[in-house]
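Biologist: Could you take a close look at one part of this protein for me? I would like to hear about a nonpolar patch on the surface, and then how the rest of the picture fits around that part.

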Amino acid sequence: MAQKRFILFCDLQDHEEMIQAYEKYHVKIPEAIEASILDAGILSMEIFRAGNRMIMEIITKEDFNFELKSKMDQENPDVIAWETLMSTFQKPIPIAQENEKWVLGTQIFKL
């Protein structure tokens, strides 16, 4: 099966207690959130952190697109509630556009 890979960046509020709380929420995400991720065609999702900077790797099905995922999320009250809560911990990286939280990275090297 063909797959796509995306790398996204986001920051956390630079406050240790908030960072720890954010990580605690991600030990076991709600089943409805996991289902929404999988239903959108995401096969794998991992988040890594260095200080307050995060990087997310998403592996998706070949036909995945962010517009459809966004539309699905906007129609899902569980996702809206989750994203509202997570937004209290997150902040966009400096180059983010208005209303953009996770910024898609551009690959510049591959070996």
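Modeller: Happy to! Let's begin with Phe109, which counts as exposed because its relative accessible area is 61%, above the 50% cut-off for that label. Keep in mind that this is a predicted model. Phe109 sits in the segment that follows β5. Together with Ile108 and Leu111, Phe109 makes up a nonpolar patch on the surface, and the three share about 500 Å² of accessible area.

Now for the loop between β4 (90-91) and β5 (103-104), where you will find Asn99. Asn99 is exposed too, because its relative accessibility is 80%. Its backbone deserves a glance: Asn99 is not a glycine, yet it has a positive phi of about 65 degrees. Most residues other than glycine have a negative phi.

From the surface, let's turn to the buried nonpolar residues. The largest nonpolar core has 20 residues, and those touching the most other members are Leu8, Leu12, Tyr22, Ile33, Met54, Ile58 and Trp102. At least two residues of this core come from each of β1 (3-12), α1 (16-25), α2 (31-39), β3 (53-61) and α4 (77-87). β1 provides the largest share, with four residues.

Leu12 is a good place to zoom in. Setting aside neighbours within four places in sequence, its contacts are Ile19, Tyr22, Arg49, Asn52, Met54, Phe89, Gln90 and Lys91. Two of these contacts, Tyr22 and Met54, are also among the core residues that touch the most other members.

Note on methods
Residues numbered from 1 in each chain as written. Predicted model: local features only at pLDDT ≥ 70, side-chain atom pairs only at ≥ 80, totals over all residues. Heavy atoms only, no water. Core = buried A, V, L, I, M, F, W, Y, C linked by side-chain atoms within 4.5 Å. Buried < 20%, exposed > 50% of the residue type's maximum accessible area, 1.4 Å probe, protein only. Contact = heavy atoms within 4.5 Å. Patch = residues over 30% accessible without salt bridge, like charges linked within 9 Å, V, L, I, M, F, W, Y side chains within 5 Å. Areas by Shrake-Rupley, 256 points an atom, 1.4 Å probe, with all protein chains shown as cover. Salt bridge = Lys/Arg side-chain N within 4 Å of Asp/Glu carboxyl O.
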